Number of protein chains: 4
Amino acid sequence: MRAAVLHAPGEIRIEERERPSPGPREVLVKITAVGVCGSDVHYYEHGRIGPFVVEAPLVLGHESAGRVAAVGDAVTKHAVGDRVTLEPGVPCGRCRECRAGRYNLCPDVVFFATPPVDGAFANYVTIHEDFAFALPDELSDEAGALMEPLSVGIWACRKAAVSAGDRVLITGAGPIGLLAMQVALAFGATQVEISDVSEPRLALARRTGATRALRAGEDHPAEADALIECSGNADAMRAGIRALRPAGTAVIVGMGPVETAEVPLALIQNREIWLTGTFRYANTYPTAIALAASGRVDLDAIITGRFPLEQTERALRAGREDPGSVKAIVHP
Amino acid sequence: MRAAVLHAPGEIRIEERERPSPGPREVLVKITAVGVCGSDVHYYEHGRIGPFVVEAPLVLGHESAGRVAAVGDAVTKHAVGDRVTLEPGVPCGRCRECRAGRYNLCPDVVFFATPPVDGAFANYVTIHEDFAFALPDELSDEAGALMEPLSVGIWACRKAAVSAGDRVLITGAGPIGLLAMQVALAFGATQVEISDVSEPRLALARRTGATRALRAGEDHPAEADALIECSGNADAMRAGIRALRPAGTAVIVGMGPVETAEVPLALIQNREIWLTGTFRYANTYPTAIALAASGRVDLDAIITGRFPLEQTERALRAGREDPGSVKAIVHP
Amino acid sequence: MRAAVLHAPGEIRIEERERPSPGPREVLVKITAVGVCGSDVHYYEHGRIGPFVVEAPLVLGHESAGRVAAVGDAVTKHAVGDRVTLEPGVPCGRCRECRAGRYNLCPDVVFFATPPVDGAFANYVTIHEDFAFALPDELSDEAGALMEPLSVGIWACRKAAVSAGDRVLITGAGPIGLLAMQVALAFGATQVEISDVSEPRLALARRTGATRALRAGEDHPAEADALIECSGNADAMRAGIRALRPAGTAVIVGMGPVETAEVPLALIQNREIWLTGTFRYANTYPTAIALAASGRVDLDAIITGRFPLEQTERALRAGREDPGSVKAIVHP
Amino acid sequence: MRAAVLHAPGEIRIEERERPSPGPREVLVKITAVGVCGSDVHYYEHGRIGPFVVEAPLVLGHESAGRVAAVGDAVTKHAVGDRVTLEPGVPCGRCRECRAGRYNLCPDVVFFATPPVDGAFANYVTIHEDFAFALPDELSDEAGALMEPLSVGIWACRKAAVSAGDRVLITGAGPIGLLAMQVALAFGATQVEISDVSEPRLALARRTGATRALRAGEDHPAEADALIECSGNADAMRAGIRALRPAGTAVIVGMGPVETAEVPLALIQNREIWLTGTFRYANTYPTAIALAASGRVDLDAIITGRFPLEQTERALRAGREDPGSVKAIVHP
């Protein structure tokens, strides 16, 4: 099989690799669609994300879907030919975090495209059967791949406890912000404002349901019950926190350039605001599939480019080179 | 002004009454639409509901909207001419339940159309300004009146913690069940099944979004995360509880004919199911208005009759006399 | 090694068995103390508990502690000689319930002394290293064995959301009720009433901290925030529910003789009471150890008999034969 | 009656004032004990706290207890002679925050000793009967006065969801930190570490139950489930946040010298830590009374000075002048 392998910052090679064999409880999946995530781009450009350093050739890609090509001896949940989407992190299932239902915080999780674990820019991958989810007919393979960033939005909305009639502010209209926005609407939020510096992204936000699109730093957000920060920009975060009602919740999803940030602490105290961040997601895939299959979210709307495996590098550069790019999909 | 006054079971008289004057923090509201609730019908037919006995002439009606006709000296939130919907129960604001945010359980609440407090089948009522809510232009007066039963559905969905992608079973497709069903969809539920014995009501359920309509006692519900019981029928409740997934929640809204009911206790234990009931609602009006104004729920769909104040009695009898009747509205 | 094996109702044989070998992630534990649970007695007397039927010889006992005698190749958390208490149910770690943190509801859990899985009335058992917990010096082996029923009490108090200053009613002063009572005190409850028909058990309750001991069916409980039902008696359950404040919680721990029970449903609705049940426990062992090691609960107080492995049958009959018996311990 | 009146920073005058008359639902309370709070000291020294500026003569003091001296016409809950403790903030009872149970965030709250509302360094005050709580015989008047700072500790532990077996880190061993520490123990926490720069305060912490007392900036805290920051020091806050387990909670109680603070945001995200602050408290007085009356907290231990009303100024200066001072009490 072939795979797109990162050898050094800015250097992807298409290589032949041996097709993996599934373990007893694993399935072998022929990958048909993989979304390009900002973290893939970051590894491609910088060779690392914080403490995670690419020290050996690495296959990127963790937003994936495909078709079951073979199953291990003990597999009971899938059969050859099934269309599936892959939850890319398999936790240990036994540690304190796993037992408490916080398996996204499992210190022993094995996660696609995180050094030294290979990802899905390849013809085949294997995964534990419980982390492959059947795709209903309503969902395309591309939509299947996007269950992963959709999960990020769902997790943020759950942390923010978004519920029907809520007022949600999203800062940052990149792929995650745009999906979090649609998810907030699917959770029943009736005022969903989103801010960005990019007019094309704001236009896309308007088309996909934003009740108001704000030019970051210029327009003032209305009072909100929840902030979902997706820009990684500390000013946006602070402005968003100031827009929260008393006892509102700020969920920080976007990663900033530095480890620390200044927050309006007196205001957090006086209004008893809750602030937290998200790290991946847990227990979101069934919800993601249900929302997409029932038409509550429109995933096609954010796909702006499609590339064969051989052009994975172009897909990784699309965001830098085309300001209109939102989400690129690689089709191995 | 005129009011429709219950003097004895089955006996409503249209009478002239003195127009009330608003207290300092009260507004006088000219009532334009009042929904007929099952409890109004029960008082009309039986003169009592459990411990609440009609011992003196009583004005029924607690689902109401209208226009502000006068304001007390200290009113700051409304002006003459404002269109408003009325939350019909004004709690004390200071007792243990009120302080804890459970004001629907306030033992000193003053609630419309609950002996000895008069309701809204009248030209005018007064209410504390904080329990009148501005109606946005998107909402008709009739829709405004229906913020009350919509609140019952919202409260049930909140108790059941319905969230996006959930699977909800509603038993009973009367006005409350039908609204709870629409609310569950607005909360993001993607599988919403509803059961009833009436085919016309099931047809209405299908038209307003049910993902499946079940003939009660015949069709089997799918596994559900939450049950919202709106039929008052113990068999329906038990069948609904058995359909719940482990750790699912059963919210009992419908009042049965007797004080007690047999429940599958061993199953509740083995699956750690949560069971509770609802009594009115708290903190729901802003949500109800937001959901209706944004088009997430269709209130017109359940209105099946309109009557002038003089025909309040006909409105109260509509449910018994017309099997297709769902929600009658009185226009004073 | 030797084990006490149930061959038929009322028939325990002490047999030689092959000592088990630990798997790669398992530890072999030399058992030093095993508590006798009501479920052991039920299997011994009836050969079944509901759907669980003893169809082949079975070793009972699931409240156990001991010393690590050998470790599998991949074990990292324990060493030979460590004193440990055993959480007797090992869940799959991957299903919906496990992922959500509700691993006690895992359909594939492997649980000691539940047909066909053998328990701990034996010299040795093996268990996954993550389900053996180090015993601090403050805790005896007997106390270690009682981490299991203590967990039942902790789980009940968590379900009831018992917190500091709460008022808790416990119905039933058997081993579970008595431990739940101590746990409620350790959670900070300041009014903890307990009811039973047995005066010796009420006396023991008083000695171990009950703020009031009630003769079941005679004395009236005070208003409570939470009910923890440990008697399996439906009248006690109903009386307890009626004692709850509005929005209080009833947690049903005791198993009754039949599958269903009549509950005061109108009251549950009017007061918005929450009712649920418990099935085993999850994430309780670290808490149990911390509470016992810090002296917040007194486990010795409930131990009323000690038996060698050869007298397991006497231990199982102690509850029937001695009305003063509360908790018997077998020392293999 | 006499009152200690702040006229300017550093200037308290003992003045004769007219005894207030209780309104219909109010009680007149003869004050017998008032604790000195850091906010009183701050007003005394600076004439303001943030946006709250003393522009007219102001009576300080909001930690108070006394005896009912007269009651309004409509009072039903108290009688002349009753010993009571006073919850010093009376909210409106009707706004969004009040209705949601967050009455501490009511924008219209009337709070003792907050300009322009007078406090309790006086012979008499009036208060709505629902905000006076009966003192049981077990509690002295001084303990009654300390229900207020005890409430701050309870509120912090509730925000942090402290439960039995938890590990809590308190930073800052002033009156609030010391009480929060005792409250954490009363909530069942079994590891309660507290840090400060003052050795006498750490010694007091050890005497009142700290499982470990840390020299701030030198000793490293153990992993904790919750941080309760009571020092107002940003370094202490950051060190405390870094000690939290994944998904742990940081509750910021201490007010720092500036409006903003730098936080380790990447760590908050990667560990999904929750951060919030507290503003006063809600629904804590019954809990405070229950904990103190049952002996779960020792309030006498923190009282280090007692002063007559005439020496209110000395009481306000005690903290500055005596490094061993923790809590001064004024006895009007």
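At roughly what angle do the axes of helix α5 and helix α6 of chain B cross? In this predicted model, the axes of α5(B), residues 175-186, and α6(B), residues 199-207, cross at roughly 20 degrees and come within 10 Å. Angles under 35 degrees count as roughly parallel, so α5(B) is roughly parallel to α6(B). As for the hand of the crossing, α5(B) and α6(B) make a right-handed one. If you would like to find the contact on screen, α5(B) contributes P175(B), L178(B) and M181(B), while α6(B) contributes R201(B), L204(B) and A205(B). Sorted by character, the residues of this contact are five nonpolar and one charged, with no polar ones. Angle and axis distance are the usual pair of descriptors here: two packed helices are described by the angle between their axes and the distance between the axes.

Let us now move to chain D and its own helix α5, again residues 175-186. The twelve residues of α5(D) reach 16 Å from the first C-alpha to the last, close to the 16 Å expected at 1.5 Å a residue. Is this helix mostly covered or mostly uncovered? α5(D) is mostly covered, with ten of its twelve residues buried. The buried set takes in G177(D), L178(D), L179(D), A180(D) and M181(D), followed by Q182(D), V183(D), A184(D), L185(D) and A186(D). What do these buried residues pack against? Their partners in chain D are the helices α4 (147-159), α6 (199-207) and α9 (285-293), together with the strands β13 (167-171), β14 (191-196) and β16 (224-229). Just after α5(D), G188(D) has a positive phi of about 100 degrees.

Chain C offers another covered helix, α4(C), where twelve of the 13 residues are buried. Helix α4(C) covers residues 147-159, and its end C-alpha atoms lie 18 Å apart, which agrees with the 18 Å that 13 residues should span at 1.5 Å a residue. Among its buried residues are W155(C), A156(C) and K159(C). Just after α4(C) comes A161(C), with a positive phi of about 55 degrees.

Those three residues of α4(C) lead us to T278(C), which contacts W155(C), A156(C) and K159(C). T278(C) sits in the loop between β19 (274-277) and α9 (285-293) of chain C. Why does this loop residue count as buried? Its relative accessibility is 7%, and buried means under 20%. Beyond its neighbours within four places in sequence, T278(C) also contacts V251(C), I252(C) and V253(C), as well as Q269(B) and E272(B) from chain B.

Notes:
Residues numbered from 1 in each chain as written. Chains lettered and ligands numbered in written order. Predicted model: local features only at pLDDT ≥ 70, side-chain atom pairs only at ≥ 80, totals over all residues. Heavy atoms only, no water. Axes fitted to C-alpha atoms, helices over the stretch in contact; angles between N-to-C directions. Helix = DSSP H or I, 4+ residues; strand = E, 2+ residues; numbered from the N terminus. Parallel < 35°, antiparallel > 145°, perpendicular 65-115°, else oblique. Left-handed = near helix turned anticlockwise from the far one by under 90°. Contact = heavy atoms within 4.5 Å. Nonpolar A, V, L, I, M, F, W, Y, C, P; charged D, E, K, R; others polar. Expected span 1.5 Å × (residues − 1). Buried < 20%, exposed > 50% of the residue type's maximum accessible area, 1.4 Å probe, protein only.
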